[in-house]
Amino acid sequence: MTTAIRINPPDDEPIGSPQYQRDCVFALEPSVTRLIQLAIDTGWDEQQVVIALLCIAAPHINDRTLVETELNYQ
């Protein structure tokens with residue numbers, strides 16, 4: 001029995017390219033949005049949930065130039 005893939009895997013775009021980053025956002029967005037909604041539904045304040053996620057994610061950023069780059073996700 002195989003398990004279903006729950007997040008889309010990356011395509012062949014080079015890691016660090018704007019398209020790779022957009023694809024990653026597209027793959028993760030439904031899961032993160034659902035996590036935020038689950039937290040809100042249990043009584044957490046939306047802004048506090050988002051801040052908590054940023055605090056959890058921030059230590060995982062190794063390349064500080066990514067933070068400084070403006071990426072257009074639209």
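1. The second largest pocket has a volume of about 160 Å³. This is a predicted model, and the pocket is a computed feature of that model.

2. Which residues line the second largest pocket? One part of the lining is Ile7, Asn8, Pro9, Pro10 and Asp11. The other residues listed are Tyr20, Asp23, Cys24, Phe26, Ala27 and Leu28. By class, the lining has 8 nonpolar residues, 1 polar and 2 charged.

3. Helix 1 covers residues 18-41. Its 24 residues should span 34 Å at 1.5 Å a residue, and the end C-alpha atoms lie 33 Å apart, so expectation and model agree.

4. Where does helix 1 kink? The kink is at Glu29 and amounts to about 40°. The proline Pro30 follows shortly after Glu29.

5. Three names make up the buried set of helix 1: Ala27, Ile36 and Ala39. Ala27 also belongs to the lining of the second largest pocket. Buried here means under 20% relative accessible area.

6. How many helices and strands does the protein chain have? The count is 3 helices and 0 strands. Along the sequence the pattern reads α-α-α.

7. Of the 74 residues in the protein chain, 7% are buried. The chain exposes about 6,700 Å². Carbon and sulfur atoms account for 59% of that exposed area.

Conventions
Residues are numbered from 1 along each chain as its sequence is written. This is a predicted model: local features need pLDDT of at least 70, side-chain atom pairs count only at pLDDT 80 or more; totals for chains, interfaces and linings use all residues. Side-chain values use heavy atoms; hydrogens and water are left out. Helices (H or I, at least four residues) and strands (E, at least two) are DSSP runs, numbered from the N terminus. Buried means under 20% relative accessible area, exposed over 50%, partly exposed in between (1.4 Å probe, protein chains only). Accessible areas come from the Shrake-Rupley method with a 1.4 Å probe; for residues, only the protein chains shown count as cover. On a 1 Å grid over the protein atoms alone, a cavity is a set of points where a 1.4 Å probe fits but cannot get out, and a pocket is an open set with protein on both sides within 12 Å along at least five of seven lines; lining residues have an atom within 4 Å of a point. Grid points are joined across faces, edges and corners, and a volume is the space filled by probe spheres set on the points. Ala, Val, Leu, Ile, Met, Phe, Trp, Tyr, Cys and Pro count as nonpolar, Asp, Glu, Lys and Arg as charged, and the others, Gly among them, as polar. The expected span of a helix is 1.5 Å times one less than its number of residues. The bend at a residue is the angle between axes fitted to the seven residues ending there and the seven starting there.
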